[in-house]
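User: Please start with one end of a charged pair in the loops and take a close look at how that pair is placed. Then carry on from there to the other salt bridges, the packing and the spaces inside the fold.

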Amino acid sequence: MKILYLALPFTALVAASASAARPVYDSQAPIAYMLDLSSGAVLFARDADRRIPPASMAKMMTVYVAFDQLAKGKTKADQKVAINPGTWKAWQGQGSTMFLMPDDKPTIADLLHGVITLSGNDASVVLADAIAGNEASFAYLMNASAKKIGLKNSHFGNATGWPDEGRTYVTARDLAQLGARLALDFPELYKQYFGLREFSWGKTNNGAAITQPNRNPLFGKVDGADGLKTGHTEEAGYGFAGSAEQKGRRLIAVVAGLDSYNARISESVTFMNWGFAAWETKPLFKKGTKLQNAEVQGGDTSSVGLLAPRDLSATLPIGASDKLTMKVRYVGPVKAPFAKGATLAELVVSTPTGDQVMSLVAAEAVGPAGFFDRVWAGLKSLIGWG
């Protein structure tokens, strides 16, 4: 096996007159990271790989596991959930709450709103109980999902992000990756559950409905804001993982370690607005465009097309005027079998501010080679053909 590079038969020109110097940003946050999903470009990184306590931002992984269970049909949104009395007692009045009561029968959908919109610790643990039987088993699912989606420096010991003597930790880079995967892996569920401005559950002593607002600091201040999650404990300080989409371009921003509620609002809004104002995207390929063929080993065909899985763009500083050079990179020959849509290669776009790497997928499924195909391949290898 070897890494193969296929040069694309063109370069793309981006027409403008200014230089392509990397835009400068001076963040108030000691930890900050911004990712542009349209290109995979990292627009800003400050101490992005430092392990930090996530506080309630850990609930993004709780939601990821729940979305995965819904997508696989292992649970249903309208499934009613009985509340474990021990869970209710443990989380009554502990931090942010959905105001669940022992006799309530919320659905999985209700609990997801309680986690995403209200940041309810009670909702998170009841959801964990409903999916995995208990919080410890649910944490196992959280860590398995974290590994599957490539979070390289994170670990989850509970469903809430509540301080647990350091067992739960993340990095800003991993939180951004998690936010990206929530939007990309479950687009319909993301649209359904994120972005709600308020949610009502429970009643006051006089019978009035309890309606709580979403604490997202971007709402009403940044166009297209729809996620993701705030977090605060004495240990972690004030943090936020945010997401917004404008004209088809989605940014994920993470700030952490801020010292006040107002600082979190100010920095989150300023940071996200900078990402949209100082950078722009240049379209490269529409979804489904075939870029190259990859060589296949042990399959019922000798090559497979490599497609853009979504609209692909490059992210450049406003006014950039430089050429973009592109190449396809994959470890090959690709071993069969694999499914249609399997990620097989990468498009590497070289820009003045660094390489931007985007996944490419198989145009069709390729099965294992038949008997005579294997014999013929062996003969060609033996006599040096091909």
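Analyst: Let's start at Asp 311, which counts as partly exposed at 42% relative accessibility, because that figure falls between the 20% cut-off for buried and the 50% cut-off for exposed. Keep in mind that this is a predicted model. The partner of Asp 311 is Lys 286: their side chains meet in a salt bridge, 3.9 Å from N to O. As for where the two ends sit, Asp 311 is in the loop between strand S12 (303–307) and strand S13 (312–317), while Lys 286 is in the loop between S10 and strand S11 (290–297), so the pair ties together parts that are 25 residues apart in sequence. Lys 286 has 58% relative accessibility and counts as exposed, because exposed starts over 50%.

Elsewhere, a network turns up: Asp 68, Lys 72 and Lys 148 are joined by salt bridges that share partners. Within that network, Lys 72 and Asp 68 bring their closest N and O atoms to 3.1 Å of each other. Asp 68 is buried, with a relative accessible area of 10%. Another bridge joins the side chains of Lys 282 and Glu 280, at 3.7 Å from N to O. Here Glu 280 is partly exposed, at 22% relative accessible area, so Glu 280 sits over the 20% cut-off for buried. Searching the whole structure gives 13 salt bridges.

Now for the packing. Helix H4 (residues 121–132) is a good place to look: its 12 residues reach 16 Å from first C-alpha to last, close to the 16 Å expected at 1.5 Å a residue. H4 is mostly covered, with 10 of its 12 residues buried. Among those buried residues are Val 125, Val 126, Leu 127 and Ile 131, but also Asn 121, Asp 122 and Asp 129. What do they pack against? The buried residues of H4 meet four helices: H1 (59–71), H2 (85–91), H3 (108–116) and H5 (135–148). Just after H4 comes Gly 133, with a positive phi near 95 degrees.

Next, the enclosed spaces. There are 3 cavities of 30 Å³ or more in the structure, and the largest of them holds about 60 Å³. Its lining includes Ile 116, Thr 117, Ser 119, Asn 214 and Arg 215, along with Leu 228, Lys 229, Thr 230 and Phe 240. Strand S7 gives the most to that lining, with 3 residues. By class, the lining has 3 nonpolar, 5 polar and 2 charged residues.

One lining residue rewards a closer look. Thr 230 is in strand S7 and is buried at 8% relative accessible area. Leaving aside residues up to four places away in sequence, Thr 230 touches Ser 56, Met 57, Arg 215, Asn 216, Pro 217, Gly 239, Phe 240 and Arg 264. Past the end of the strand, Glu 235 lies in the loop between S7 (225–233) and S8 (237–246). With the same sequence neighbours left out, Glu 235 touches Pro 53 and Pro 163. Although Glu 235 and Pro 53 are 182 residues apart along the chain, their C-alpha atoms are separated by 7.3 Å.

That leaves the pockets. The largest has about 850 Å³ of space and is lined by 24 residues, with Leu 35, Gly 40, Gln 177, Val 357 and Ser 359 nearest its centre. Strand S3 (31–36), helix H6 (172–185) and strand S17 (354–362) each supply at least two lining residues, and H6 has the largest share, 7 residues. The lining divides into 9 nonpolar, 6 polar and 9 charged residues.

The second largest pocket has a volume of about 670 Å³. It is lined by 23 residues, and Ser 38, Glu 245, Gly 248, Arg 249 and Arg 250 are the closest to its centre. Two or more lining residues come from each of H6, helix H7 (187–193), S8, strand S9 (249–258) and strand S10 (279–285). H7 gives the largest share, 4 residues. This lining splits into 8 nonpolar, 5 polar and 10 charged residues. S10 brings us back to where we started, as the Lys 286 end of that loop pair lies in the loop between S10 and S11.

Definitions and conventions
Residues numbered from 1 in each chain as written. Predicted model: local features only at pLDDT ≥ 70, side-chain atom pairs only at ≥ 80, totals over all residues. Heavy atoms only, no water. Contact = heavy atoms within 4.5 Å. Buried < 20%, exposed > 50% of the residue type's maximum accessible area, 1.4 Å probe, protein only. 1 Å grid on protein atoms, 1.4 Å probe; cavity = no way out; pocket = protein on both sides within 12 Å on 5 of 7 lines; lining within 4 Å. Points joined across faces, edges and corners; volume = space filled by probe spheres on them. Nonpolar A, V, L, I, M, F, W, Y, C, P; charged D, E, K, R; others polar. Expected span 1.5 Å × (residues − 1). Salt bridge = Lys/Arg side-chain N within 4 Å of Asp/Glu carboxyl O.
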